[in-house]
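Grab a pencil and work through a few exercises on the structure shown here. Try each task yourself before reading its solution.

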Number of protein chains: 2
Amino acid sequence: MNTNVPVGIFDSGVGGLTVAREIIRQLPDERFVYFGDTARLPYGTKSKSTIVKYSNQVIRFLKTQKVKAIVIACNSASAYALEEVEKEIDIPIIGVIKAGAIMSTQATKNGRIGIIGTEATVNTGVYSALIKAEHPEFEVFSKACPLLVSLVEEGWLQDSVTYEIASRYLKELKEKQIDTLILGCTHYPLIRKVIGQIMGPEVRLINPAYETAVELKQLLESQGLAYDPGKPSKEPKYEYYVSDAETKFSKFAATILPDAHTTKQISIEEY
Amino acid sequence: MNTNVPVGIFDSGVGGLTVAREIIRQLPDERFVYFGDTARLPYGTKSKSTIVKYSNQVIRFLKTQKVKAIVIACNSASAYALEEVEKEIDIPIIGVIKAGAIMSTQATKNGRIGIIGTEATVNTGVYSALIKAEHPEFEVFSKACPLLVSLVEEGWLQDSVTYEIASRYLKELKEKQIDTLILGCTHYPLIRKVIGQIMGPEVRLINPAYETAVELKQLLESQGLAYDPGKPSKEPKYEYYVSDAETKFSKFAATILPDAHTTKQISIEEY
């Protein structure tokens with residue numbers, strides 16, 4: 001296999017760009033193809049069957065781009081669809097949940113871990129199941145925070161309203177005296193500062209984007225799939241595709257990632 | 001034509017139920033088939049081409065249900081898609097915008113009208129164009145309020161946070177000294193109380209759902225399509241379809257409309 005083909009990364013929209021950014025930082029040689037399902041976002045309020053169907057279409061599209069591995073850079077799709085889709089795919093695929101769950105078990109000192117995410121992610125209980133499988137004695141507390149995604153998309157990143165809404169959602173997790181909080185939605189690192197202020201310095205925030213890039217690096221190395229700089233690819237390094245009009249996405253993406261102004265629109269239902 | 005077939009009503013999700021409710025109040029004999037595109041909601045943040053594509057699919061589905069007329073109970077779809085889709089359809093179709101726009105011109109005393117809606121609705125400028133076509137001397141001020149839909153869906157209908165966010169959005173419209181405000185998104189009637197408190201009693205709120213039901217009634221009567229109680233239909237009076245899993249929708253819909261517990265899921269991409 002040609003190890004210099006790209007990695008596929010997908011999310012319902014822009015949230016997964018925080019994962020792509022970590023991949024660029026930690027694997028600066030690797031190429032990627034990013035897909036944002038902007039015509040059908042968000043995923044986090046939708047049902048399992050719909051998220052599985054959408055994820056399968058996206059994976060079929062990414063396979064046409066000849067990717068060597070896939071990162072589901074969306075907690076909701078990782079929670080609902082990873083197990084279903086990995087049965088049917090012949091290349092490695094990882095989500096954003098496992099790495100964050102494992103990291104949280106290493107970070108906690110008092111064994112009390114909190115998780116915030118979309119309704120979909122929280123309803124599956126998958127973070128909790130992964131943590132308890134390793135440490136049945138740990139206590140895990142989850143809270144769905146649906147409005148936080150909308151606030152990030154509105155760009156109110158350091159705003160009194162965002163602080164007020166996040167405080168309300170986080171109140172019960174604070175009362176549970178957690179010492180570790182998983183940011184279980186790829187939008188949340190963008191309001192990490194507000195969340196940190198509310199939780200206080202004694203609570204460690206886990207950003208699964210970082211841990212996912214570490215996991216991807218290990219995976220590519222262990223399977224002999226890492227990019228070989230000795231045989232440089234002539235293809236574009238970073239490619240971006242979306243299912244809705246590209247303008248809005250590329251405007252935002254270009255502020256944080258290279259080459260996003262070249263984003264192209266495709267018709268995802270055809271896959 | 002059999003006049004006792006249903007009217008088709010569609011929206012991206014639950015917002016259009018406020019229109020269906022008005023239709024029940026004002027046309028208690030009429031049957032309807034409601035479709036909520038819950039697998040792809042919201043529409044209001046998406047592009048024209050995507051909204052037109054989705055609306056065409058929904059209309060093809062509604063036509064399989066043998067409807068006699070269609071109401072686009074969604075401002076974003078009315079703003080972007082009505083003009084496109086009415087060219088290709090052989091039954092009457094109306095949106096929610098025209099009736100509300102005309103009503104606002106009758107309600108205003110100082111000729112200063114405000115409109116709040118989604119990004120899609122506000123970006124098209126369609127309310128403003130309709131008002132100015134009749135009254136070029138009127139001043140029209142629009143404001144996109146993307147977070148209000150999320151707050152309604154979160155159920156924070158009478159909440160201090162909703163008040164704070166709505167106040168921020170409405171500030172500039174208040175400063176423009178409007179005396180009439182169009183609730184240009186079908187979710188907003190559900191937070192009408194908060195909006196009324198902020199704007200004050202001197203500002204008249206226009207709910208296009210009410211005016212749309214009036215327009216539908218006139219349309220059916222003028223075209224000889226009104227339900228004939230002399231030949232009662234044996235089919236279900238109200239039917240509901242959605243594109244995502246039906247549970248969440250039917251739970252909410254059943255609190256405000258009859259028979260919504262019978263909601264069925266269909267695969268809208270196939271139309």
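The exercises below deal with a predicted model, and each one comes with a worked solution.

**Exercise 1. Work out the strand order of the open sheet in chain B, and find which strands stand at the edges.**

Step 1: Start with the order. The sheet has 4 strands, arranged β6-β5-β7-β8 in chain B, and their pairing is parallel.

Step 2: Now look for strands with a single partner. These are β6 and β8 (204-206) of chain B, so each has one side left without a neighbour in the sheet.

Step 3: Check the twist. On average, neighbouring strands of this sheet are turned by 20° against each other, direction ignored.

**Exercise 2. Count the bridges that β5 of chain B makes to β6(B) and to β7 of chain B.**

Step 1: Take β6(B) to begin with. Strand β5 (residues 112-117) of chain B runs parallel to β6(B), and 6 bridges join them.

Step 2: Turn to strand β7 (residues 180-184) of chain B. Here 5 bridges link it to β5(B), and again the two run parallel.

Step 3: Pick out one residue, B:Gly117. It stands opposite B:Ala144 in β6(B) and opposite B:Gly184 in β7(B).

**Exercise 3. Sort the side chains of β6(B) by face: which are buried and which are not?**

Step 1: Recall the general pattern. Side chains in a regular strand alternate between the two faces of the sheet.

Step 2: Apply that to residues 139-144 of chain B. B:Val140, B:Ser142 and B:Ala144 point to one face and are buried. B:Glu139, B:Phe141 and B:Lys143 point to the other face and are not buried.

Step 3: See what lies across the strands. Helix α6 (residues 126-134) of chain B lies across β5, β6 and β7 of chain B, and runs at about 170° to β6(B).

**Exercise 4. Decide how α1 and α10 of chain A are oriented to each other.**

Step 1: Find the angle. The axes of α1 (residues 17-26) and α10 (residues 208-222) of chain A come within 8 Å and cross at roughly 50°.

Step 2: Name the arrangement. That angle makes α1(A) oblique to α10(A), and the crossing is right-handed.

Step 3: List who touches whom. From α1(A), the residues include A:Val19 and A:Ile23, and from α10(A) they include A:Tyr210 and A:Leu216. By class, this contact has 7 nonpolar, 3 polar and 2 charged residues.

**Exercise 5. Do the same for α8 and α9 of chain B.**

Step 1: The axes of α8 (residues 160-175) and α9 (residues 192-199) of chain B come within 10 Å and cross at roughly 50°.

Step 2: α8(B) and α9(B) are therefore oblique to each other, with a right-handed crossing.

Step 3: Among the residues that meet are B:Tyr163 and B:Leu170 in α8(B), and B:Ile195 and B:Met199 in α9(B). The classes are 7 nonpolar, 2 polar and 1 charged.

**Exercise 6. Find out how many residues of α7(B) are buried and what they pack against.**

Step 1: Helix α7 (residues 146-153) of chain B has 7 of its 8 residues buried, including B:Leu147 and B:Val152.

Step 2: Those buried residues pack against α7 of chain A together with α8 of chain B.

Step 3: Step back to the contact between the chains. Chain A and chain B each give 16 residues. On the chain A side, α7(A) has the largest share, with 4 residues. By class, that side has 6 nonpolar, 4 polar and 6 charged residues.

How values were computed
Residues are numbered from 1 along each chain as its sequence is written. Chains are lettered from A and ligands numbered from 1 in the order in which they are written. This is a predicted model: local features need pLDDT of at least 70, side-chain atom pairs count only at pLDDT 80 or more; totals for chains, interfaces and linings use all residues. Two residues are in contact if their C-beta atoms, placed from the backbone, lie within 7 Å. Ala, Val, Leu, Ile, Met, Phe, Trp, Tyr, Cys and Pro count as nonpolar, Asp, Glu, Lys and Arg as charged, and the others, Gly among them, as polar. A residue is buried if 20 or more other C-beta atoms lie within 10 Å of its own, exposed if 12 or fewer, and partly exposed in between; C-beta atoms are placed from the backbone. Two strands pair if DSSP finds at least two bridges between them. Axes are lines fitted to C-alpha atoms, for helices over the stretch in contact, and angles run from 0 to 180 degrees between N-to-C directions. Angles under 35 degrees count as roughly parallel, over 145 as roughly antiparallel, 65 to 115 as roughly perpendicular and the rest as oblique. A crossing is left-handed if the near helix is turned anticlockwise from the far one by less than a right angle, and right-handed if clockwise.
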